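Biologist: I would like to go through this structure with you and ask, for each label, what makes it apply. Could you show me the model first?

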Amino acid sequence: MGAVAGLLSGYRKIIRMKPATHRTALRVQRVLGPRFEVMEFEASTRSAAEAAAAIGCTVGQIAKSLVFRSSISDRPVLVITSGTNRVSESAIATHLGETIERADADFVRHRTGFAIGGVPPIGHSEPVLILIDEDLRSFDEIWAAAGTPNAVFSLHFDDLMQLTGGSVIRVA
C-alpha cells in the first residue's frame with residue numbers, strides 16, 4: 001500500500017476514496033511509478049473547490065492544470081497553479097514572448113491526451129510547455145489531477161518540479 005493510501009485509509013469511508021481503477025488514471029499511475037498513488041473518488045474533483053472538498057484540504061493546495069494555446073507557435077502551454085489563483089494571461093504572455101488563449105476541449109484532448117478537468121502534470125501525448133505557480137511552493141502537500149475528473153494524487157512542490165521539469169513563475 002502506498003504512503004498516501006496508508007495515511008488516508010482511515011478517511012476512505014468519509015471521503016469515499018479508493019485506489020485508481022479507471023484506465024486513464026492507471027496510465028498516469030504507470031508514468032508516476034510506485035512512489036505516488038493515484039486515488040479516485042465517487043464524487044467529481046473536476047474543479048479546485050470540488051477536489052478540496054473531496055480530499056479534505058484547502059483549495060490552495062489543489063494544483064489545478066490549465067491548458068492554453070500559444071498564438072504564434074500553436075504549442076500547448078500547461079499552467080499548474082494554486083487552486084485559489086486566477087492565471088494572468090498577460091503575465092504568461094510576457095514570460096513566453098507571445099500571447100496565449102484558453103484552449104478548447106478538442107485542443108486539450110488532442111495535444112495532452114486528457115480531457116479538461118483531469119489533465120495531470122505528466123504523461124501527455126506530446127511535449128507540453130509547463131509553467132508552475134510559485135505560490136504552490138508554500139504548501140507542504142499539494143494535490144494534482146490524475147487523468148480523469150475524479151482522480152488525484154498527492155505530492156510535494158519539489159516532486160512537481162522533478163516530475164515535470166517545469167519553470168516556476170508568478171502566474172497570478
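Modeller: A residue is called buried under 20% relative accessible area, exposed over 50%, and partly exposed in between, with a 1.4 Å probe and only protein chains counted. This is a predicted model, in which local features need pLDDT of at least 70 and side-chain atom pairs count only at pLDDT 80 or more, while totals for chains, interfaces and linings use all residues. Residues are numbered from 1 along each chain as its sequence is written, and side-chain values use heavy atoms, with hydrogens and water left out.

Biologist: Why is D74 called buried, exposed or partly exposed?

Modeller: The relative accessible area of D74 is 30%, which lies between the two limits, so D74 is partly exposed. D74 sits in the loop between β3 and β4, where strands are DSSP runs of E with at least two residues and helices are runs of H or I with at least four, both numbered from the N terminus. D74 also has a positive phi of about 60 degrees, although this residue is not a glycine.

Biologist: How do you know that β3 and β4 belong together as a pair?

Modeller: Two strands pair if DSSP finds at least two bridges between them, and β3 and strand β4 (residues 76-82) are joined in the antiparallel sense over 7 bridges. One of the contacts is that of R69, whose bridge partner in β4 is P76. The hairpin of β3 and β4 has 5 residues between the strands, and D74 is where the positive phi near 60 degrees occurs.

Biologist: What other strands does β3 pair with, and in which sense?

Modeller: With strand β7 (residues 142-145) β3 pairs in the parallel sense over 2 bridges, and I62 has W143 as its bridge partner in β7. With β5 the arrangement is antiparallel, and 3 bridges join the two strands; there F68 has R102 as its bridge partner.

Biologist: What makes you call strand β3 mostly covered?

Modeller: Strand β3 spans residues 62-70, and 7 of its 9 residues are buried, so the strand as a whole is described as mostly covered.

Biologist: How do you know that β7 and β8 pair, and where is G147?

Modeller: DSSP finds 4 bridges between β7 and β8, in the antiparallel sense, and W143 has S154 as its bridge partner in β8. G147 lies in the loop between β7 and β8 (151-155), and in this hairpin, with 5 residues between the strands, G147 takes a positive phi near 105 degrees. At 9% relative accessibility, G147 falls under the limit and therefore counts as buried. G147 and I116 are 31 residues apart in sequence, while their C-alpha atoms are 9.2 Å apart in space.

Biologist: Why is the contact of K18 and E40 called a salt bridge?

Modeller: The term needs a side-chain nitrogen of Lys or Arg within 4 Å of a carboxyl oxygen of Asp or Glu, and the side chains of K18 and E40 meet at 3.0 Å, N to O. K18 lies in strand β1 (residues 17-19) and E40 in strand β2 (residues 39-41), so the pair ties together parts that are 22 residues apart in sequence. K18, at 35% relative accessibility, counts as partly exposed, whereas E40, at 4%, counts as buried.

Biologist: What makes the pair of D159 and R35 a salt bridge?

Modeller: The closest N and O atoms of D159 and R35 are 2.6 Å apart, so the pair meets the distance limit. This pair links distant parts of the chain, with D159 in helix α7 (residues 157-164) and R35 in the loop between α3 (23-32) and β2, 124 residues apart. D159 is buried at 7% relative accessible area, whereas R35 is exposed at 56%.

Biologist: Which residue forms a salt bridge with D74?

Modeller: The partner is R69, with the closest N and O atoms 2.6 Å apart, and R69 is partly exposed at 26% relative accessible area. R69 and D74 are also linked with R111 and E126 in a network of salt bridges. A search of the whole structure finds 8 salt bridges.
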